[in-house]
Structure formats: C-alpha cells, structure tokens
Amino acid sequence: MNDFLRKIQLVKDIKIQLPVSKIDFIQKFRNNVDESDLSFVPFEVFQSSRNEYKGNITNHVFHLRKRRKLFDTNYSFAKVTGEFTEDHNQLNINAEINGFRNRMFLFLGIAILFYSIFIFATIFSPAENTVPFFLVPFLLFHMSLMLGIPYFVIRRSVKRMIYDLERDLHYWVTKN
C-alpha cells in the first residue's frame, strides 16, 4: 500500500541537510514546535500558540504536523515522520511526508459502495422503468469528481508541507 501511495504522490520522502549540531536542532525544534502526541483534539482551533507546528522529538526521530487554525482554508493534511543523524556538525534529516490517513478508507469505501449501487440499479432497472441515458455518464463524472478532488487536495498538501518544512527548518537554524 505504501508503494502505491508513493506512486500516486500521497507519500513522499525528502532529505534535508542543516549546518547545525543535533543538540542545537533538538533545542530549536522544542522551541518552535508545541509538544503533542498528534492525536485528535476536538477543539484544537481554539488553543492559542505562536508555534505553527505540533509534534514530538526524541534523540533520533521526530513527528510533526501543522496546527489547525480557525478559518484556515489551507490546512495541511500531511504528517511528517523524520529521522536525523549528525555527521561532522552537519545534520542529515530523512523525512517521510504522509498525506493519506486511514480514515480515508471509510470515505472511499462508502463512496464506491454508493456509486456502484446507483450505477447497477440504473443499468439493470426493469424494462418498464426506463432510465434516461445520460444518468450513467453523469454518475461516472460525479464519482470522478468526488474521488478526484480529495486526491488533489491531499497531494497539494503534501507538496506544500515539503516546501514549508524545508523553509521553516532552515529558518529555525539560521535565526538567532
């Protein structure tokens, strides 16, 4: 499944090199990321913080995602899992950005079930109940929109997370 998600670009790997030691990076990470286990918080948009990310860090691994904000139309679905190693005062970060959540299986399953029932009911309806010819192509078009729009939104959030993460990590390291 993970290979398929990589192929359709809902999961991507990035490598970042930063001119900082591991201890300094951990300190800057903790200053700029709110400590969280990344579980679901119902009223997260009402929590105030100046930090843009939530996550946690250990000696070699970090997890983070963007904070939810009230009226934010550009919320990123992507979650970042990264490993970092230090090599001669150079920090090498290997991160995986994953935009696909397991709850999408529920949405996809219900949508495919819904559309398959309607398409089969339309095609195999009794002869006395004639169904307009345009209904099946309309259902196929509607299905492609309802399944395609979330795909492109998630894919865009992965690309945006890559850009924001690289920019923010370099900013954290270079600012005083």
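## A surface residue and its patch

Val153 is partly exposed, because its relative accessible area is 39%, which falls between the 20% limit for buried and the 50% limit for exposed. This value comes from a predicted model. Val153 sits in helix H4.

Val153 belongs to a nonpolar surface patch. Its partners there are Phe77, Phe141, Leu145 and Ile149. Together the five residues offer about 440 Å² of accessible area.

## The sheet

The sheet is open and has six strands. Their order is E1-E6-E5-E4-E3-E2, with mixed pairing. Strand E1 (11-18) and strand E2 (33-35) are the edge strands. Each has a single partner strand, so one side of each lacks a neighbour in the sheet. On average, neighbouring strands are turned by 30° against each other, direction ignored.

In general, strands of a sheet pair through backbone hydrogen bonds, in a parallel or antiparallel manner. E1 pairs with strand E6 (residues 91-98) in the antiparallel sense, over eight bridges. Within this part of the structure, Asp13 stands opposite Glu96 in E6.

## Helices on the sheet

Helix H2 (residues 22-32) lies across E1, E2, E3, E4, E5 and E6. Among these, strand E3 covers 53-57, strand E4 covers 61-66 and strand E5 covers 79-86. H2 runs at about 140° to E3.

Helix H4 (residues 135-174) also packs on the sheet. H4 touches E1, E2, E3, E4, E5 and E6. The direction of H4 makes about 15° with that of E1. This is the helix that holds Val153.

Conventions
Residues are numbered from 1 along each chain as its sequence is written. This is a predicted model: local features need pLDDT of at least 70, side-chain atom pairs count only at pLDDT 80 or more; totals for chains, interfaces and linings use all residues. Side-chain values use heavy atoms; hydrogens and water are left out. Two strands pair if DSSP finds at least two bridges between them. Helices (H or I, at least four residues) and strands (E, at least two) are DSSP runs, numbered from the N terminus. Axes are lines fitted to C-alpha atoms, for helices over the stretch in contact, and angles run from 0 to 180 degrees between N-to-C directions. Contact means heavy atoms within 4.5 Å. Patches are made of residues with over 30% relative accessible area and no salt bridge: like charges are joined within 9 Å, nonpolar side chains (Val, Leu, Ile, Met, Phe, Trp, Tyr) within 5 Å. Accessible areas come from the Shrake-Rupley method with a 1.4 Å probe; for residues, only the protein chains shown count as cover. A salt bridge is a side-chain nitrogen of Lys or Arg within 4 Å of a carboxyl oxygen of Asp or Glu. Buried means under 20% relative accessible area, exposed over 50%, partly exposed in between (1.4 Å probe, protein chains only).
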